[in-house]
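Welcome! Here is a short guided walk through one protein structure, written for someone meeting it for the first time. Please keep the picture at hand as you read.

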Amino acid sequence: LINLKKNLSGMVDKSPAQDHKSEQDSISDLKSPKEPVQSINLNINFSSFISEKTGSYSVDYKLGGVLGSGAFAQVRKVTNRKSKAVRAMKVVEKKKLSSDEEREKFVAEINILKMLDHPNVMKIYEFYQDQKHYYIIVELCTGGELFDKIIE
């Protein structure tokens, strides 16, 4: 989804008497343009660019060390083979999502992350799956555990 809005400002007339101007007049012209000024507001829904991929993530990413683990997933450091961008990969075992409700919550988490674009929210870049795992490639957030920061 791309929304474009074009806003045109009014034109400032140029009279023949203004052909010979001082340097100061030329500088002030930068503040009051002689031609239409066009601004474009562009809103892109990035979720349409984040697709689910089947097969191995290892074609696109080099696996690094373990960053953390929880009840449902392990988080690993990965590096994109082409761009060299360092990211995090959340690895979720499919068998740990045993109920339909757990699977629905997991899919909802992915869909929510795909829609969000905010500096304080972790970005999702790619999503893979194979027979046994889901792999979510996300922004690498350094600085320690959020829980530890809250306690401090």
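In this predicted model, lysine 94 lies over the face of tyrosine 134, at 5.0 Å from the ring centre. A second arrangement of this kind involves arginine 87, which sits over the face of tyrosine 125 at 3.8 Å from the ring centre.

Let us stay with tyrosine 134 for a moment. Is tyrosine 134 buried or exposed? Its relative accessible area is 14%, so tyrosine 134 is buried, given that buried means under 20%.

Now for the aromatic rings. Searching the whole structure turns up 5 aromatic pairs. One of them joins tyrosine 57 and tyrosine 135, whose ring centres are 4.9 Å apart and whose planes stand at 50°, so this pair is tilted. Where do the two partners sit in the chain? Tyrosine 57 is in the loop between β3 (52-54) and β4, while tyrosine 135 belongs to strand β8 (residues 133-139). With their positions 78 residues apart in the chain, the pair links distant parts of it. Tyrosine 57 and tyrosine 135 are both buried.

Tyrosine 134 has an aromatic partner too. Its ring centre lies 4.6 Å from that of phenylalanine 106, and because the planes are at 35°, this pair is tilted. Phenylalanine 106 is part of helix α2 and tyrosine 134 is part of strand β8, so the pair ties together parts that are 28 residues apart in sequence. Phenylalanine 106 counts as buried, with a relative accessibility of 6%. Together, Phe106, Phe127 and Tyr134 make one aromatic cluster.

Next come the charged side chains. Side chains of opposite charge can pair when their charged atoms come close. How many salt bridges does a search of the whole structure find? The search gives 6 salt bridges, and the table shows some of them.

| Lysine | Acidic partner | N to O distance |
|---|---|---|
| Lysine 96 | Glutamate 93 | 3.8 Å |
| Lysine 105 | Glutamate 101 | 3.4 Å |
| Lysine 123 | Aspartate 117 | 3.8 Å |

Salt bridges with shared partners join Glu93, Lys95 and Lys96 into one network. Within it, lysine 96 is partly exposed, at 35% relative accessible area, and glutamate 93 also counts as partly exposed, at 26%.

Lysine 105 and glutamate 101 both belong to helix α2, where they are 4 residues apart, about one turn of the helix. Lysine 105 has a relative accessible area of 54% and is exposed. As for lysine 123 and its partner, lysine 123 is partly exposed at 27% relative accessibility, whereas aspartate 117 is exposed at 51%.

Helix α2 also has a part in the protein surface. The helix covers residues 100-115, and methionine 115 is found in it. Why does methionine 115 count as exposed? Its relative accessible area is 55%, and exposed means over 50%. Along with Ile112 and Leu116, Met115 makes a nonpolar surface patch of about 290 Å².

Finally, have a look at two strands. Strand β4 (residues 61-69) pairs with strand β5 (residues 73-80) in the antiparallel sense, over 6 bridges. The two form a hairpin, with 3 residues between β4 and β5. Which residue in β5 is the bridge partner of glycine 68? That partner is valine 75.

Methods
Residues are numbered from 1 along each chain as its sequence is written. This is a predicted model: local features need pLDDT of at least 70, side-chain atom pairs count only at pLDDT 80 or more; totals for chains, interfaces and linings use all residues. Side-chain values use heavy atoms; hydrogens and water are left out. Patches are made of residues with over 30% relative accessible area and no salt bridge: like charges are joined within 9 Å, nonpolar side chains (Val, Leu, Ile, Met, Phe, Trp, Tyr) within 5 Å. Accessible areas come from the Shrake-Rupley method with a 1.4 Å probe; for residues, only the protein chains shown count as cover. A salt bridge is a side-chain nitrogen of Lys or Arg within 4 Å of a carboxyl oxygen of Asp or Glu. Buried means under 20% relative accessible area, exposed over 50%, partly exposed in between (1.4 Å probe, protein chains only). Two strands pair if DSSP finds at least two bridges between them. Rings of Phe, Tyr and Trp (its six-membered ring) pair if their centres lie within 6.5 Å; planes under 30 degrees apart count as stacked, over 60 as edge-to-face and the rest as tilted. A charge sits over a ring if NZ of Lys or CZ of Arg is within 6 Å of the ring centre and within 35 degrees of the ring normal.
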